[in-house]
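Here is a short report on one protein chain. It starts from a single residue and works outward to the fold.

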Amino acid sequence: MVKFTTTATSSEVRAIRARLAADLRTAGVPLSDDEDFTLRLLISEVATNGVLHGAGGGNPAQWLTIEADVHHDTHRLRVSVSDPGLGRPVLGPFDTDDEHGRGMQLVAELAAAHGCEPDPCGGGKRVWFELPLQGLDRLPARHAAQEPPHGWPRTDTLAPLALRP
């Protein structure tokens, strides 16, 4: 498992993206180039949402906690971003000229699963997504047995994306 907490500033999102990918590689999680690219894109979107909306009303959150864990039984990597805000991410329509509003659309399209739940460590919320990892079936059985699945509940899954013509 990878876990770290950082300040919630827009300048920190690049560091979150790089650190998460590096920490997962150090932990021996096999990421293909495509999986690494998708992971970096989605963590950027979810972390940016935490920065922009974490405390609600557009005020930046003061911290973000990033967690990633491998579910060997489903061959998925679950990544979550916790922030102190109570507002939930919204999947809604956006105008093609809008500068914002596409982040959760990307998560809905590219993740195998995603959702939002109350942060079990205290106030706030945890927004999560899961990515299938093809390389997990090539890990030695002893490595796969070291980290059992977390068993986080699948609560408040976001509505599926409805593409507009």
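Alanine 111 touches Leu42, Phe129, Glu130 and Leu131, leaving out residues up to four places away in sequence. The model is predicted. Alanine 111 sits in the loop between helix 3 (103-110) and strand 4 (113-118). Its relative accessibility is 11%, under the 20% cut-off, so alanine 111 counts as buried. One of its partners is phenylalanine 129. The two lie 18 residues apart in sequence, yet their C-alpha atoms are 6.0 Å apart in space.

**Helix 3 and its partners**

Helix 3 leads into the loop of alanine 111. Which residues of helix 3 are buried? They are Gly103, Met104, Gln105, Val107 and Ala108. These buried residues pack against helix 2, strand 4 and strand 5.

The pairing with helix 2 can be described in detail. Helix 2 (residues 33-53) and helix 3 pack at an angle of about 140°. Their axes are 9 Å apart. The crossing is left-handed. On the helix 2 side, the contact is made by Thr38, Leu41, Leu42, Glu45, Val46 and Asn49. Helix 3 answers with Gly103, Met104, Leu106, Val107 and Leu110. By type, the residues of this contact divide into 7 nonpolar, 3 polar and 1 charged. Leu42 of helix 2 takes part in this contact, and Leu42 also touches alanine 111.

An α-helix has 3.6 residues a turn, so residues three or four places apart point the same way.

**The nonpolar core**

The largest nonpolar core holds 30 residues. Leu20, Leu24, Leu39 and Phe129 touch the most other members. Strand 1 (2-6), helix 1 (13-26), helix 2, strand 2, strand 3, helix 3 and strand 5 (125-132) each give two or more residues to this core. Helix 2 gives the most, with 6 residues.

Leucine 24 shows how such a member is placed. Leaving aside neighbours within four places in sequence, leucine 24 is in contact with Val2, Val29, Leu31, Leu39, Ala68 and Leu77. Leu39, in that list, is itself among the members that touch the most others.

**Three loop residues**

The table sets alanine 111 beside two further loop residues.

| Residue | Loop | Relative accessibility | Class |
|---|---|---|---|
| Alanine 111 | between helix 3 and strand 4 | 11% | buried |
| Histidine 75 | between strand 2 and strand 3 | 29% | partly exposed |
| Glycine 122 | between strand 4 and strand 5 | 35% | partly exposed |

Histidine 75 has a backbone feature to check. Its phi is near 55°, a positive value in a residue other than glycine. The flanking elements are strand 2 (64-71) and strand 3 (76-83).

Glycine 122 can be placed against aspartate 83. The two are 39 residues apart along the chain, and their C-alpha atoms are separated by 9.9 Å.

**The whole chain**

How many helices and strands are there in the protein chain? There are 4 helices and 5 strands. From the N terminus on, the elements run β-α-α-β-β-α-β-β-α. The chain has 165 residues, of which 42% count as buried.

Contacts can be split by sequence separation. Among those with a separation of 6 or more, residues 24 or more positions apart account for 66%. The exposed surface of the chain is about 8,800 Å². Carbon and sulfur atoms supply 54% of that surface.

Note on methods. Residues numbered from 1 in each chain as written. Predicted model: local features only at pLDDT ≥ 70, side-chain atom pairs only at ≥ 80, totals over all residues. Heavy atoms only, no water. Buried < 20%, exposed > 50% of the residue type's maximum accessible area, 1.4 Å probe, protein only. Contact = heavy atoms within 4.5 Å. Areas by Shrake-Rupley, 256 points an atom, 1.4 Å probe, with all protein chains shown as cover. Axes fitted to C-alpha atoms, helices over the stretch in contact; angles between N-to-C directions. Left-handed = near helix turned anticlockwise from the far one by under 90°. Nonpolar A, V, L, I, M, F, W, Y, C, P; charged D, E, K, R; others polar. Core = buried A, V, L, I, M, F, W, Y, C linked by side-chain atoms within 4.5 Å.
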